[in-house]
Amino acid sequence: TVLQGSLLPALIFGGAIWLILNSVPPDIQRVFSFRNYLDSLRGILSQRRMVLVLFFAGGFGGGQSVVFTFLPIYLREDLGVSSLTLGVYLFLAQAAGIASQPIMGYLSDRLDRKVVLVPSLTILGLSIASLYFVPAGWPFLIGVLIMGAFLFSLMSILLASAMDLVTYDVQATAVSLVFGSAVIVSGVAPYIGGVLADSFGVEIAFLWAAALLLATAAFAALTRWRGELAQ
């Protein structure tokens, strides 16, 4: 019932966005054909640093999807919380992300994408791993809050990293590639997490998600990938 009810606000806000954007004149210099699109796609993928950013997005998306899949299951079935308490946990995690996102965006603009992304991925991985070890109650909630502060905000840093490497006319294509790489890994990672959970318990999925994120953080730290802002 809740899922069906969410259709109404989606339609309302979707219509509102359509009306608002419809009144904004498009800034299009030329019309792209499908061949132009393929050429721009090849140009983007030929950039080594962009490919690295796509790998980072894939690792982040995989870890994120595992948490989204198994945290509600763990709270509901292993910790035995109510639907209301489960909703409060997820709400607080997202609220932490909403609060941290402007701060992380400001720091990445002022300092460096890598300076923000690598520590954030590391803290995110460690906070998710802590969910495997800490007891229920306040320690678990604190772990969820720290996790949420980074889980819901890092995609913006990844998108900004991609925008640094492309020109204005292919930014939408770059965004689609970042989300596409995240979706590809997100489709596989929960399956592996499910296999592990069936064999060792649901909480083992947190270690799997943490491993993905910490490996991504190490890879990002050891590679040179930041480019100058594209004009």
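These are my notebook entries on a few side chains, ring pairs and salt bridges that I looked up in this structure.

**Entry 1, before starting.** I am working with a predicted model.

**Entry 2, salt bridges.** I began with the charged pairs, and the count comes to two salt bridges. I looked up Asp-109 and found Arg-113 as its partner, with the closest N and O atoms 2.8 Å apart. I then followed Arg-113 to Asp-164, where the side chains form a salt bridge at 2.8 Å, N to O. Arg-113 belongs to helix H6 (residues 113–133), while Asp-164 sits in the loop between helix H8 (154–163) and H9, so this pair ties together parts that are 51 residues apart in sequence. Through shared partners, the salt bridges join Asp-109, Arg-113 and Asp-164 into one network.

Next I checked burial along that network. Which of its residues are buried? I noted both Arg-113 and Asp-164 as buried. For Arg-113 the relative accessible area is 10%, and because buried means under 20%, the label fits. Asp-109 has 57% relative accessibility and counts as exposed.

**Entry 3, aromatic pairs.** I turned to the rings and found that the structure holds seven aromatic pairs. I wrote down two of them in detail, beginning with Tyr-74 and Phe-206: this pair is edge-to-face, at 5.3 Å centre to centre and 85 degrees between the planes. Where do the two rings come from? Tyr-74 lies in helix H4 (residues 48–78) and Phe-206 in helix H10 (residues 204–222), so the pair ties together parts that are 132 residues apart in sequence. I looked up the accessibility of each partner. Tyr-74 is buried at 10% relative accessible area, and Phe-206 is buried at 1%.

The other pair I noted is Tyr-132 with Phe-133. Their ring centres are 4.9 Å apart and their planes stand at 80 degrees, so I logged this pair as edge-to-face. The cut-off behind that label is an angle over 60 degrees. Are these rings buried or exposed? Tyr-132 is partly exposed, with a relative accessible area of 32%, and Phe-133 is exposed, at 61%.

I also looked for rings that group together. Tyr-74, Tyr-89, Phe-140 and Phe-206 form one aromatic cluster, so I have the Tyr-74 and Phe-206 pair from above marked again here.

**Entry 4, a nonpolar patch.** On the surface I found a nonpolar patch of about 500 Å², made by Ile-103, Tyr-106, Leu-107, Leu-111 and Val-115. Which helix gives the largest share of the patch? I have helix H5 (residues 83–110) down for that, with three residues. Tyr-106 is in helix H5.

**Entry 5, Ser-181.** I finished with a single serine. I placed Ser-181 in helix H9 (residues 171–200). What does its side chain reach? I found the backbone oxygen of Leu-54, at 3.3 Å. Setting aside neighbours within four places in sequence, I listed the contacts of Ser-181 as Leu-54, Ala-57 and Gly-58. Leu-54 thus turns up twice in my notes, as a contact of Ser-181 and as the residue whose backbone oxygen the Ser-181 side chain reaches. I closed the entry with burial: Ser-181 has a relative accessible area of 14%, so I marked this serine as buried.

Notes: Residues are numbered from 1 along each chain as its sequence is written. This is a predicted model: local features need pLDDT of at least 70, side-chain atom pairs count only at pLDDT 80 or more; totals for chains, interfaces and linings use all residues. Side-chain values use heavy atoms; hydrogens and water are left out. Helices (H or I, at least four residues) and strands (E, at least two) are DSSP runs, numbered from the N terminus. Buried means under 20% relative accessible area, exposed over 50%, partly exposed in between (1.4 Å probe, protein chains only). A polar contact is a pair of N or O atoms within 3.5 Å; within protein, one must be able to donate a hydrogen and the other to accept it, and residues adjacent in sequence count only if both atoms are side-chain atoms. Contact means heavy atoms within 4.5 Å. Patches are made of residues with over 30% relative accessible area and no salt bridge: like charges are joined within 9 Å, nonpolar side chains (Val, Leu, Ile, Met, Phe, Trp, Tyr) within 5 Å. Accessible areas come from the Shrake-Rupley method with a 1.4 Å probe; for residues, only the protein chains shown count as cover. Rings of Phe, Tyr and Trp (its six-membered ring) pair if their centres lie within 6.5 Å; planes under 30 degrees apart count as stacked, over 60 as edge-to-face and the rest as tilted.
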